[in-house]
Amino acid sequence: MGGEYDVAIVGSSLAGCTAAILLGRRGLRVALLEANRNPAAYKRMCTHYIQSCALPTLQRLGLASELEAAGAIRNHGNAWSRFGWVEEPEPTNRPSHGYNLRREILDPLMRRTAAKAPGVDLMLGAKLRELTRGPDGRVDGVVADRVGRLSCRLVVGADGRFSKVARLAGLPGRESRNDRFAYFASFVNVTIPHGQSVQLWLLEPDAAYAFGNDAGVTVLTAVPDKSRLPEFDDDKEAALVRMFEGLPDAPDLTDAERVSDVVGTRDYPSVTRLRIAAPGVALVGDAALVLDPVWGAGCGWALQTAEWLSDSVAKPLVTGTDREIDRAARRYQRHHRMRLWPHQFFAIEFSQRPRLNPLQRLLFAGAARDPWVADRFFAYGTRNRSPFVMLSPRMLARAARARRAVR
C-alpha cells in the first residue's frame, strides 16, 4: 500500500469532494481519504440546506443540474420576527437560489462525482492516524488505515468540526458559547405557509426553520434557548412538534408523519481558528470554521472554502515549490478571514443574546416594510454580501424611514 500524490484530502463530504474535483481537473493526483467504509455514508447533523452563495460553485462543478435531477428544491425564503414577515424579493445582483436536498442523497452524489474526476483516488475506510513530516518539519504525508503511508505536497483537512488534521497540525480552535441547542427531523405531509421552501422564525430567544426538501420531505428544525432542554430531554419529537404548532403562520402538521430520527445536539458552540494553514496543511469547511447552525451556512461555506483553497494552491502544486504552496495557502487563509469572519462575529453575538439587539430590530422592521431593504437583508442572510452592507447609511436610513411609517 502507500503511494505518492500531490494532495491528500482527509474527509469526503462536501468540502473534501469539492476540493478533490477541482484539483483533479487541474491535472493533480489526489488521494481522497474517507474513514467510513460505506460509499453511501452521509452527515446526519445537518439541515440539508445550501445557501445561494454556493450556487456558482455548484455550477462550476457541473452539479446544479444533477442536484435538480435528484430532486433538489430551489430554495427561497421568508423570515418572521415580531415585526412581521420579511418576504424574499426576486434577487438582484446575487445568485437566484440555493438548494434543499437531503444529505443521504447529496453526499453519495458528491462522492461518486469526485471518484470519477481525473486523478482522484477515493479511499474508503482510510481513517487518519498521523501526519508525517520531513526533515524541515513540514507536513509531507499521512498515515491512514488500509492505505498505509501516503506522501504528498499538501494535506487538506476536510474532516469536520472535530478535525484531527487540525489537531495534529497544531491549528487550535477557539470555542464560543452558544446559548441555544438544536434538534430536527424529517416529516412528510407538511404544508409550509407562504408556499416557500424555507421559513425562519426568530422568536426571541428561540428560533425555528422549515425546509421543503426532495421527495415531499420537510425538515423541521428547532433551535431553542437552553432553558428548554428538560422539555426536549423528556420527549424530543413531542417537544419539536409542540414548538412548531405554536408558531405564527405555523406549518400544518395535521397529517404529518416523521420519516427520520430526531437528530440534534445539546451543545453546538461556534469554533473559530486563528490559523487554518500551516506548512504542508490547509483546512476547509467545518474543519476551518464552525458557525451557529441557526443560520444554515455550513453546506454553502464547505463548497465555497474548498473552491477558494483549490484556486489558490492549484498552480503552485503543478509548477511551484513547497514554499510557494505554503504561501498560496496563507493567501487562502487571508481570503477566508476577510469573507467569513465578519459573518462569524455577528453570528456569535446573536448566539449569546436572547433578544434582537437595537440594530437587528431596526433592520427586521425595515425589511418587513421596504422591499429594497429586504433585498439587501437577504443578500446578507444568504451570505452573498458582507454584514457591513447592513450598516451603510442608506440602508439604515431606509430601514428607519420604513419603521417610522408603520408607527
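Biologist: Which residues of helix 10 are buried?

Modeller: The model is a predicted one, and buried here means under 20% relative accessible area. Helix 10 covers residues 358-367. By that cut-off, the buried residues of helix 10 are Gln 360, Leu 362, Leu 363, Phe 364, Ala 365, Gly 366 and Ala 367.

Biologist: How many of the ten residues of helix 10 are buried, and why does this bear on its surroundings?

Modeller: Helix 10 is largely enclosed by the rest of the structure, because the buried part of its ten residues amounts to seven.

The run from Leu 362 to Ala 367 belongs to that buried part, as does Gln 360. The number asked for is seven of the ten.

Biologist: Which side chain reaches a backbone nitrogen at the start of helix 10?

Modeller: The backbone nitrogen concerned is that of Leu 359. A side-chain oxygen comes to within 3.1 Å of this nitrogen, and the residue that supplies the oxygen is Asn 357.

Biologist: What radius of gyration does the chain have, and why does it agree or disagree with a compact globule?

Modeller: The C-alpha atoms fill a box of roughly 70 × 50 × 40 Å along the principal axes. For 407 residues a compact globule would have a radius of gyration near 22 Å, so the chain agrees with this expectation at 21 Å.

Biologist: What share of the contacts in the chain with a separation of 6 or more joins residues 24 or more positions apart?

Modeller: The secondary structure comprises twelve helices and 24 strands, and 59% of the 407 residues count as buried. Among contacts with a separation of 6 or more, the share from residues 24 or more positions apart is 74%.

Notes
Residues numbered from 1 in each chain as written. Predicted model: local features only at pLDDT ≥ 70, side-chain atom pairs only at ≥ 80, totals over all residues. Heavy atoms only, no water. Helix = DSSP H or I, 4+ residues; strand = E, 2+ residues; numbered from the N terminus. Rg over C-alpha atoms; globule rule 2.2 N^0.38 Å. Buried < 20%, exposed > 50% of the residue type's maximum accessible area, 1.4 Å probe, protein only. Contact = heavy atoms within 4.5 Å. Polar contact = N/O pair within 3.5 Å; in protein donor to acceptor, adjacent residues only side chain to side chain.
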